[in-house]
Amino acid sequence: MASIRDNLTTIQQRIETAAAANGRQASEIRLLPVSKTHPMEMLREAAAAGYTQLAENKVQELVSKSAALEPGERIGFSFIGHLQTNKARQVAELADEFQCLDSARVAKELDKRLQPLGKRLPVLVQVNSSGEEQKFGVAPDQAVDLVRELAAFDALDVRGLMTVAVKGHEQQVAACFERMRELQDRLRQAQALGSAWDELSMGMSADLELAIAHGSTCVRVGTAIFGARDCSQA
């Protein structure tokens, strides 16, 4: 059975191969291990392999894992789950990055919680690129309006976009990624929106090569690194 270190190496090799195939540098693409539902021992194995920034999608788990860190332990957390306003305080205090900002209401609450901390939080705007009703995220044609509202919240460092593509045929997945690239270009052209829009978080275990071909700068990989999720903890 492959170790977590071996799995990380395998995924990094996939990233390097995909980058080279598309005329890109692998250094442009961040591998974000998704550690949700997995125990701290596994997170520490990933950190020992050099991956000290890990992703969680439940506030309760973010809180419990943050509390389990030893003094001086170098593990940070990106939050990649849907956020309710009543839990914004914990994310403001504990997360190093928030990838799922999809409303001005959440932005306002996060800003309110960040201001007393003197903290500026990197955030990505989550876009529902597939149009599936069960998925969170702002619709692509509403993203520019949301981004304009975010300018009011100076504790939020808006860096780019995030999406979860449809699970389907390659053409369907590619269409989601292409919508994101087009939206990124549109935001970049609107220079008054106040960000370089360099970050494009898309692609997971099954579709990371396709995401890289469409400009992804961050791939979020869980199962291929840590194994199957413990659904009882999901």
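In this predicted model, the loop that joins α7 (170–189) to β7 (199–201) contains Trp-197. The backbone of Trp-197 has a phi near 55°, a positive value in a residue other than glycine. This is worth a second look, because most residues other than glycine have a negative phi. Trp-197 is also buried, since its relative accessible area is 1%, and buried here means under 20%.

A positive phi turns up at Thr-37 as well, where the angle is about 75° although the residue is not a glycine. Thr-37 sits in the loop between β1 (30–33) and α2. With a relative accessible area of 9%, Thr-37 counts as buried.

The helix that follows this loop takes part in a helix pair. Two packed helices are described by the angle between their axes and the distance between the axes. For helix α1 (residues 4–21) and helix α2 (residues 40–48), the packing angle is about 55° and the axes are 9 Å apart. Angles from 65 to 115 degrees would count as roughly perpendicular and those under 35 degrees as roughly parallel; α1 and α2 are therefore oblique to each other. Their crossing is right-handed. On the α1 side, the contact is made by Ile-4, Arg-5 and Leu-8, while α2 contributes Met-42, Glu-45, Ala-46 and Ala-48. Sorted by character, the residues of this contact comprise five nonpolar and two charged ones, with no polar residue.

Beyond α1, the chain enters the loop between α1 and β1, and Ile-29 is found there. Is Ile-29 buried or exposed? Its relative accessibility is 5%, so Ile-29 counts as buried. Leaving out residues up to four places away in sequence, Ile-29 touches Ile-15, Ala-19, Arg-24, Ile-212, Ser-216, Thr-217 and Val-219. A separate distance can be followed from Ile-29 to Leu-187: the two are 158 residues apart in sequence, and their C-alpha atoms are 20 Å apart in space.

Thr-85 offers another loop position to explore, in the stretch between β3 (76–79) and α4 (88–94). Thr-85 is partly exposed, because its relative accessible area of 24% falls between the limits of 20% for buried and 50% for exposed. Which residues does Thr-85 contact, once its neighbours within four places in sequence are left aside? They are Arg-105, Val-106 and Glu-109. From Thr-85 to Glu-182 there are 97 residues in sequence and 30 Å in space, C-alpha to C-alpha.

Val-144 belongs to a helix, α6 (residues 143–150). Val-144 has a relative accessible area of 17% and so is buried, given that the limit for buried is under 20%. Val-144 and Leu-156 are twelve residues apart in sequence, and the distance between their C-alpha atoms is 16 Å.

The cysteines complete the picture. A disulfide is a covalent bond between the sulfur atoms of two cysteines. How many disulfides does a search of the whole structure find? The search returns zero. Cys-176 is in no disulfide, and the nearest cysteine sulfur, that of Cys-100, is 15 Å away. Cys-176 is buried, as its relative accessible area is 1%. For Cys-218, the closest cysteine sulfur is again in Cys-100, at 11 Å, which is too far for a bond, because a disulfide requires sulfur atoms within 2.5 Å. Cys-218 is buried too, with a relative accessible area of 0%.

Notes: Residues numbered from 1 in each chain as written. Predicted model: local features only at pLDDT ≥ 70, side-chain atom pairs only at ≥ 80, totals over all residues. Heavy atoms only, no water. Axes fitted to C-alpha atoms, helices over the stretch in contact; angles between N-to-C directions. Helix = DSSP H or I, 4+ residues; strand = E, 2+ residues; numbered from the N terminus. Parallel < 35°, antiparallel > 145°, perpendicular 65-115°, else oblique. Left-handed = near helix turned anticlockwise from the far one by under 90°. Contact = heavy atoms within 4.5 Å. Nonpolar A, V, L, I, M, F, W, Y, C, P; charged D, E, K, R; others polar. Buried < 20%, exposed > 50% of the residue type's maximum accessible area, 1.4 Å probe, protein only.
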